[in-house]
Amino acid sequence: MSLGRGLEAEIAERARAEGLVALAISRARTYRNVAVALGERDAAGLRDTMQFTYRNPARSTDPTATLPGARSVISASWPYGRSSLGQAPSVVARYARRDSYAELRRRLGALAEVLEASGHQARVVADSNALVDKEPAVRGGGGWYLKNSLYAVPVHGSMVVVGSVITDADLTPTRPRMRLTGCGGCTSCMTACPTGAILPGGTIDAGRCIAWQLQKPGMLAPGIAAAMGVRVYGCDICQEVCPYNRKVAESAADPLAQLGELVEILAMDDSEVLARFSHLYLPRRDPSVLRRNALAAIGNLGPGPALGPALALLAKWAENDDPVLAATAAGSLARLRASLDD
Ligand code: B12
Ligand code: SF4
Ligand code: SF4
């Protein structure tokens, strides 16, 4: 069994070979600060109807709940921002254009293999409800919390997904950073968020966050359709304006190409939507959530070359049997018509 610095060095080498960044090792302790934050946000009504890590905070803030006897947590990030460079903007947020979480988990699995080969137990956790992913990474000094609540790492900024390997190996922790947040006096994301969802202290009001509202079934909350822009899944606004992500800026969107993407989604039957977007979180695997979002997004295309086909499409969907889809299409028709008077 290899122990001590030898094992840490082996893990670091494998992480580099896998293209993982910001490796960080922390002790497998309970994250009381995060449990308190989850409780306070729940009490303040900022959780909306989200479950995720809120369902069982005792579990999601304690690595030993996933692996009894755990001693260390190895965190690492997968920089998806790079792969979206040079891509045309899409109606899907950048992390979700590919299955970034599967790419991360596969690479973390390679680190788990190193540990297992040396006789240790290891569990990969990434974007599951088993653990709050950012906290062990921050504790191990991989990066910082930002005011938009995301985690940024050197060089790659916040366009990374982050996960961990929980292990019973007693590894030497990497050094925490001196600062909790890397924002200084900047408030660009707070100003840019179209719904004012970013509250002080790195806190998001989920009821106002477009990324959450686009995942929720039923009618979009009041004000979301008009504020959400041309997107059907996820929201990258608070990352795109962030100086940490300057290197991964996209070119300007083309309304006709966006309409093309939305029309394509609306033309798919249920099984096609589920197959094409199998990596997205859709509540109860309900494809109509994406259709609703596509219809709402069309209402934000504004006057321009996409206007004629957009109006015709919405008029048809406003007659749909599904009351949510019909009402969303009618709302978008009204917004598009109003945009002609502006
Ligand atoms: C619930 C959840 C959401 C919810 C709520 C998000 C939220 N910020 O509250 C919704 C659905 C809205 C969401 C959206 C998104 N999410 Co999300 N989400 C999660 C999930 C499942 C749990 C997060 C959680 O429970 N955190 C616990 C809370 C308490 O932590 P916190 O909000 O960071 O609070 C800390 C800070 O406030 C800090 N703090 C304390 N004091 C202070 C003071 C200052 C000044 C600062 C800056 C910080 C600070 O301490 C608190 C406690 O640790 C994680 C996966 C996981 N299992 O961890 C992914 C995760 C956070 N999401 C992720 C992503 C990619 C996104 C989106 C970018 C996707 C998209 N493009 O639409 C958006 C971004 C929206 C945003 N600005 O946060 C990534 C983030 C990667 C990164 N680089 O940070 C994660 C980590 C998934 C992963 N494994 O990579 N998400
Ligand atoms: S993801 Fe969008 S809606 Fe949510 S906080 Fe960021 S900018 Fe605001
Ligand atoms: S935009 Fe500014 S305030 Fe917001 S996360 Fe980035 S550095 Fe921090």
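**A two-domain predicted model, from overall build to single residues**

Of the 342 residues that make up the protein, 49% count as buried. The structure described here is a predicted model, so everything below is read from a prediction. The chain carries 16 helices and eight strands. Its radius of gyration comes out at 21 Å, close to the 20 Å that the globule rule gives for 342 residues, so the protein is as compact as a globular protein of that length. Taken along the principal axes, the box filled by the C-alpha atoms is roughly 70 × 35 × 35 Å.

Contacts across the chain come next. Among contacts between residues at least 6 apart in sequence, 74% join residues at least 24 apart. As for the outside, the protein exposes about 15,300 Å², and carbon and sulfur atoms supply 54% of that area. Charges are part of the picture too: there are 38 positive and 33 negative ones, and the mean positions of the two sets sit 7 Å apart.

The protein is split into two domains, with domain 1 covering residues 4-167 and domain 2 covering residues 188-341. Their C-alpha centres lie 27 Å apart. The two parts also touch: 37 residues of domain 1 are in contact with 43 residues of domain 2.

Helix α6 is a handy place to start looking at single residues. This helix runs over residues 100-117 and holds Val114, and Ser100 lies in α6 as well. Ser100 has a relative accessible area of 4%, which is under the 20% cut-off, so Ser100 is buried. Leaving aside residues up to four places away in sequence, Ser100 touches Trp78, Tyr80, Tyr95 and Val161. Ser339 sits 239 residues from Ser100 along the chain, and their C-alpha atoms are separated by 36 Å.

Val114, further along α6, is likewise buried, because its relative accessible area is 6% and the cut-off for buried is under 20%. With residues up to four places away in sequence again left out, Val114 touches Leu7, Glu10, Ile11 and Arg14. From Val114 to Arg337 there is a gap of 60 Å between C-alpha atoms, and the two are 223 residues apart along the chain.

At the other end of the numbering, Leu333 has its place in helix α16, which spans residues 323-341. Leu333 is buried too, with a relative accessible area of 8%. Its contacts, not counting residues up to four places away in sequence, are with Leu311, Leu314, Ala315 and Ala318. Measuring from C-alpha to C-alpha in the model, Leu333 and Ala112 are 52 Å apart in space and 221 residues apart in sequence.

Not every helix residue picked out here is hidden. Glu264 belongs to helix α12, which takes in residues 255-267. At 47% relative accessibility, Glu264 counts as partly exposed, because that class lies between the 20% and 50% cut-offs. Glu264 and Ser158 are 106 residues apart in sequence, with 30 Å between their C-alpha atoms.

Two loop residues stand out for their backbone angles. Most residues other than glycine have a negative phi. Phe52, though not a glycine, has a positive phi of about 40 degrees. Phe52 sits in the loop between α2 (32-43) and α3 (57-60), and its relative accessible area of 27% makes it partly exposed. Asp127 also has a positive phi, near 50 degrees, and is likewise a residue other than glycine. The loop that holds Asp127 links β3 (122-125) and α7 (134-139). With a relative accessible area of 40%, Asp127 is partly exposed.

Methods:
Residues numbered from 1 in each chain as written. Chains lettered and ligands numbered in written order. Predicted model: local features only at pLDDT ≥ 70, side-chain atom pairs only at ≥ 80, totals over all residues. Heavy atoms only, no water. Helix = DSSP H or I, 4+ residues; strand = E, 2+ residues; numbered from the N terminus. Rg over C-alpha atoms; globule rule 2.2 N^0.38 Å. Buried < 20%, exposed > 50% of the residue type's maximum accessible area, 1.4 Å probe, protein only. Contact = heavy atoms within 4.5 Å. Areas by Shrake-Rupley, 256 points an atom, 1.4 Å probe, with all protein chains shown as cover. Lys, Arg positive; Asp, Glu negative; His and termini not counted. Charge placed at Lys NZ, Arg CZ, Asp CG, Glu CD. Domains from an automatic or database assignment.
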